[in-house]
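Student: I should like to go through the descriptive terms applied to this model and see how each is justified.
Tutor: Then let us set each value against its criterion.

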Amino acid sequence: MSVQISGSIIQPWAKDVAEFVVYYQKTLDLLAPQAGRVFTVSPLFIGEDASNGWNQNLAALAEAIQSISAHDEHVGYINLRADFIAALDNHHISPYQLTGAIRVILDAVLLRSGAQVDRQAASRGLQLTLDGVHLNSRGARLVAGRFVEAIKTVN
């Protein structure tokens, strides 16, 4: 079943990794001819504990994206998951996870600067994210740096 918004059909949720691969490949097949270079990115985390169930599922999707990306010379893969895991190495891993949309809204309304976001992340014991999903300044610098590196490789 497809979801329709304002007359446009958007991609439905994939029911498993195999269906995800089909949808992802179709998306790349649509984008690649229109762009000189496409970068795919591994999904990050839900919570900073790479071993939690959510993140194990995301690891499978990251492997699928990497595999799909390797088959097209116009597609570059950015493995942010590996960068996040390396950045979290030797740090205490907080069990904090996002608790719902209201928490996100409150953070968005109340935290008006990068310094406030970073203080809240630190109070939650998080290294790279504000809430286990949205990036703090350290996480944003890591992601931006990797994109800059990738873009510099484009001729």
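Tutor: We begin with a criterion for helix pairs: axes are lines fitted to C-alpha atoms over the stretch in contact, and angles run from 0 to 180 degrees between N-to-C directions. Please bear in mind throughout that this is a predicted model.

Student: What makes helix 1 oblique to helix 2?
Tutor: The axes of helix 1 (residues 17-31) and helix 2 (residues 53-70) cross at roughly 40 degrees and come within 10 Å. Angles under 35 degrees count as roughly parallel and those of 65 to 115 as roughly perpendicular, with the rest, up to 145, as oblique. Helix 1 is therefore oblique to helix 2. The crossing of the two is right-handed.

Student: Which residues make the contact of helix 1 with helix 2, and how does the contact divide by class?
Tutor: Helix 1 contributes Val17, Phe20, Val21, Tyr24, Gln25 and Leu28, while helix 2 contributes Ala60, Leu61, Ala64, Ile65 and Ile68. The classes come to 10 nonpolar residues, one polar and no charged ones.

Student: Why are helix 3 and helix 6 called oblique to each other?
Tutor: Their axes cross at roughly 135 degrees, coming within 11 Å. An angle must be over 145 degrees to count as roughly antiparallel, and 65 to 115 degrees is the range for roughly perpendicular. Helix 3 and helix 6 are therefore oblique. Helix 3 passes helix 6 in a right-handed crossing.

Student: Which residues meet there, and what are their classes?
Tutor: Leu80, Asp83, Phe84 and Ala87 in helix 3 meet Arg138, Gly139, Leu142, Val143, Arg146 and Phe147 in helix 6. This contact of helix 3 with helix 6 has six nonpolar, one polar and three charged residues. Asp83 and Arg146 also belong, with Glu149, to a network of salt bridges.

Student: How many salt bridges does the structure hold?
Tutor: It holds five salt bridges.

Student: What makes the pair of Lys15 and Glu19 a salt bridge?
Tutor: The criterion is a side-chain nitrogen of Lys or Arg within 4 Å of a carboxyl oxygen of Asp or Glu. For Lys15 and Glu19 the N to O distance is 3.3 Å, so the pair satisfies the criterion.

Student: Are Lys15 and Glu19 buried or exposed?
Tutor: Lys15 has 69% relative accessibility and counts as exposed, since the threshold for exposed is over 50%. Glu19, at 18%, counts as buried, because buried means under 20%.

Student: Which salt bridges involve Asp107?
Tutor: Asp107 meets Arg103 at 3.0 Å, N to O, and Arg124 at 3.1 Å, N to O. Arg124 lies in the loop between helix 5 (114-123) and helix 6 (137-152) and Asp107 in helix 4, so this pair ties together parts that are 17 residues apart in sequence. Arg103 and Asp107, by contrast, both lie in helix 4 (residues 101-110), four residues apart, or about one turn of the helix.

Student: How do you know whether Asp107, Arg124 and Arg103 are buried?
Tutor: Asp107 has 4% relative accessibility and Arg124 has 11%; with the limit at under 20%, Asp107 is buried and Arg124 is buried. Arg103, at 24%, is partly exposed, as that class lies between the limits for buried and exposed.

Student: What is notable about the phi of Asn90?
Tutor: Asn90 has a positive phi of about 70 degrees although it is not a glycine. Most residues other than glycine have a negative phi. Asn90 is placed in the loop between helix 3 and helix 4 and, at 74% relative accessibility, counts as exposed.

Student: Which residues does Gly125 touch, beyond those up to four places away in sequence?
Tutor: Gly125 touches His92 and Ser94. The C-alpha atoms of Gly125 and Ser94 are 5.2 Å apart, although 31 residues separate the two along the chain. Gly125 lies in the loop between helix 5 and helix 6 and is partly exposed, at 22%.

Student: What is the secondary structure of the protein chain?
Tutor: The protein chain has six helices and four strands, in the order β-β-α-β-α-β-α-α-α-α from the N terminus. Of its 155 residues, 32% are buried.

Key:
Residues are numbered from 1 along each chain as its sequence is written. This is a predicted model: local features need pLDDT of at least 70, side-chain atom pairs count only at pLDDT 80 or more; totals for chains, interfaces and linings use all residues. Side-chain values use heavy atoms; hydrogens and water are left out. Buried means under 20% relative accessible area, exposed over 50%, partly exposed in between (1.4 Å probe, protein chains only). A crossing is left-handed if the near helix is turned anticlockwise from the far one by less than a right angle, and right-handed if clockwise. Contact means heavy atoms within 4.5 Å. Ala, Val, Leu, Ile, Met, Phe, Trp, Tyr, Cys and Pro count as nonpolar, Asp, Glu, Lys and Arg as charged, and the others, Gly among them, as polar.
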